[in-house]
Every structure is written in structure tokens, then in C-alpha cells.
Amino acid sequence: MVAATAKLQEQFDAGLTTRPDFTIDQPRERYGAADHAVWDQLYRRQRALLEGRACDAFMEGALRIGLNVAHVPSFAQVSERLMAATGWRIVAVPGLVPERIFFEHLANRRFPVTWWMRSPDQLDYLEEPDCFHDLFGHVPLLTDPTFADAIHAYGRAALGVEERALPLLARLYWYTVEFGLMRDPSAPYGVKIYGAGIVSSKGETLYSVESAAPNRLAFDLDRVLRTRYRIDTFQKTYFVIDSFAQLFDALGAGIASRLADPAALIAVQPHAAGDVLQSDTIITRGTREGWLDDGDV
Ligand SMILES: [Fe+2]
């Protein structure tokens, strides 16, 4: 968080005009050859790695919005294609934006995308979201009508949630939008990836669907709202949805009903990231290999 704050300050200091809603015009003239090369390299690497591992809607969506280019894409061009598909557009931002501003954007079908690219020595790990994570990771699925409506519903529901319930919202977003898996009987491992934090990471792409270490449990909204997560290691547990329709129900009406009066949920002790409960529907029970004992958020 300290690093993210420093980075945000650096962006402000760069003299980019930032509007009250934290958006800027994508400063395309500021991308250098190294930025374009990093996009090209990451795009081609992840595209190849995700074949057969990421859900079809993601793979098709990336092409549909024109991410298959050898340079950092133009946000205006991506927006034009996305708008035609589902009425969403993307807006450039300097980095992480405050939660309420973020929800406001989602509730208006605008997805904030960090404009700057990671450096060539950060291909495999980055503490904060950059353009590759935000654009390649999050935006392709916004071409899917049901997924697009689910994120819109989340933004609308989140706007009405009181401050003390924000950590619950963060768990849900983390275990779905960032690190979600979906059932797919035709896939070699029975699941495919849709979460942005996975598709934008080489290591977690392989780990999430192929490793024996993590738990893969059927998604359950109340369970997820009560489960801590990892920000410094791969996930100990992945929650697996059946369909984007299920996600739409959870991210919209589901949280609106649960968080209208969040006192009971806030009062209960959350489960550890690696816990498996008797009530869980287990798809694969993890071997726990390589897990650190502490550090759940
Ligand atoms: Fe993200």
C-alpha cells in the first residue's frame, strides 16, 4: 500500500491533469519503446499460456477489443469496441483509486485502467496493478453481456454499502473478479480461469488450475464473504462458479441483501484462507504444499 501510494504521488507529480473522478487522458506520448515491448512480450506469453486454461469468453474478448497488438493499446480504440459490445468503456487513471470513486465508475459502466506499464524487470511480479493487469486482466470479459452486467451490479450494490462492510466487499471481489475459477467439464482440470489476477500472472495461471496444493471449492456467497485471503502469495483456496449468471446473482442482489445490515456478518470470526469446512462442496482438496502459516488478510 505504501508503494502504491508513492506511485500514485509520482503520477500526480508527473504533471498529468487528474480530474476529480481520478481519470486522466491516456498520455500515449509518454510510452517509450520499453513499454510497448513489455506489452508485446506479456501479451504473447499469456495468450499462449492461457490457451485451454482460461475460459473461452476471456480469450474471445481479448481479440474482440483488439488487445492483440505489438504496442500498448489505445484506450479510445478499446473503449469504442467495448461500447459496441456491452455499453462499457475504459477510463485511464494514475493507479489505484479510492473505493467509492471506483464503485462510482463501475456503477456507470466505466472500468478504470491504470495507464502506466510495469518495467521489463517486473514481468512476473508487481505489487500494484499496472496497465497490463488492468487492461489485459479485467477488460476482455467486459465484452460478455452477463459478466459485464455482473460488474455493473456490483458497482451499484457497493455504492450503498456502509464503510465497515467494505472489507466484506473486498473479499467477494478478490475471490471472484480477481481470482475466480469456473467449472468446465471439457477442461483438462475441470475448471477454467476467469479472474484477472490469475490471467495476468504466469505463475498463478499454472498454479491455479494445475497444482495439487490449493483447495478448489464450489462458490458460495456467504462462505466467501467470511473468508480471508492472500495478497502476498498464490491463493490457498479458489472458489469455482458454475456460470456468469451465478456471479451476476452474487455480485448484485446477493450482496445487496447480505450487506443491507452487515452487523451479523462483521461480528463473526472469518475463516482462514486455507480452511475447508464440512459444509463446503469440495472440487479438489489441497495438499497445502508450500503454504505459509500466517499472512492472511
Ligand atoms: Fe485487478
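This is a guided tour of the model, stop by stop, with something to select at each one. Keep in mind that you are looking at a predicted model.

**Stop 1: the whole chain**

Start zoomed out, in cartoon view. The chain has 13 helices and 7 strands. Along its principal axes, the C-alpha atoms fill a box of roughly 55 × 40 × 35 Å. For 297 residues, a compact globule would come out with a radius of gyration near 19 Å, and the chain has 18 Å, which agrees. Colour by burial if you have a script for that: 43% of the 297 residues are buried. Take the contacts between residues at least 6 apart in sequence, and 68% of them join residues at least 24 apart.

**Stop 2: the five-stranded sheet**

Now select the open sheet of 5 strands. Reading across, the order is β4-β3-β6-β5-β7, and the pairing is mixed. Pick out β4 (191–193) and β7 (282–284): these stand at the edges with a single partner strand each, so one side of each has no neighbour in the sheet. Tilt the view to see the twist, since neighbouring strands are turned by 35 degrees against each other on average, direction ignored.

Next, zoom in on residues 215–218 (β5) and 237–241 (β6). These two strands run parallel and share 4 bridges. To find one bridge by hand, click L217, whose partner in β6 is F239.

Then add residues 202–210, which form helix α10. This helix lies across β3 (181–183), β4 and β6, and runs at about 160 degrees to β4.

**Stop 3: the β1/β2 pair**

Leave that sheet and select residues 89–93. How many residues of β1 are buried? The count is 5 of the 5, so this strand is largely enclosed by the rest of the structure. Show the side chains and look at both faces: R89, V91 and V93 are buried on one side, I90 and A92 on the other. That fits the usual pattern, as side chains in a regular strand alternate between the two faces of the sheet.

Add residues 110–114 to bring in β2, which runs parallel to β1 and is joined to it by 5 bridges. I90 has F111 as its bridge partner in β2.

Just ahead of β2, click R109, in the loop between α5 (99–107) and that strand. Check its backbone: R109 is not a glycine, yet its phi is positive, at about 55 degrees. R109 has 18 C-beta neighbours inside 10 Å, so it counts as partly exposed.

**Stop 4: the nonpolar core**

Which residues touch the most other members of the largest nonpolar core? Select V113, V139, L142, F147 and A150; the core they belong to has 76 residues. Helix α7 (residues 145–159) supplies the largest share, 8 residues.

Centre on L142 and expand the selection. Setting aside residues up to four places away in sequence, L142 touches L82, T86, W88, F111, F147, A148 and I151. You met F111 at the last stop, as the bridge partner of I90.

**Stop 5: α7 against α12**

Stay with α7 and add residues 244–259, helix α12. The two helices pack at an angle of about 10 degrees, and their axes are 8 Å apart. Angles under 35 degrees count as roughly parallel, so α7 is roughly parallel to α12. On the α7 side the contact includes F147, A150 and A153, while α12 brings in residues including F248, L251 and I255.

**Stop 6: α8 and A196**

Select residues 166–178 for helix α8. Its buried residues are L168, L169, L172, W174, Y175, T176, V177 and E178. Among the elements covering them are α7, α9, β6 and α12.

Follow that to α9 (residues 196–199) and click A196. Buried or exposed, what does A196 count as? With 23 C-beta neighbours inside 10 Å, A196 counts as buried. Apart from neighbours within four places in sequence, A196 contacts H133, G137, H138, V177 and E178. Try a distance label too: the C-alpha atoms of A196 and F136 are separated by 7.9 Å, though the two are 60 residues apart along the chain.

**Stop 7: past β7**

Finish with R288, in the segment after β7. R288 is another non-glycine with a positive phi, about 70 degrees. Its 13 C-beta neighbours inside 10 Å make R288 partly exposed.

Methods. Residues numbered from 1 in each chain as written. Predicted model: local features only at pLDDT ≥ 70, side-chain atom pairs only at ≥ 80, totals over all residues. Pairing = 2+ DSSP bridges. Axes fitted to C-alpha atoms, helices over the stretch in contact; angles between N-to-C directions. Contact = placed C-beta atoms within 7 Å. Rg over C-alpha atoms; globule rule 2.2 N^0.38 Å. Buried ≥ 20, exposed ≤ 12 C-beta atoms within 10 Å, placed from the backbone. Core = buried A, V, L, I, M, F, W, Y, C linked by C-beta atoms within 7 Å. Parallel < 35°, antiparallel > 145°, perpendicular 65-115°, else oblique.
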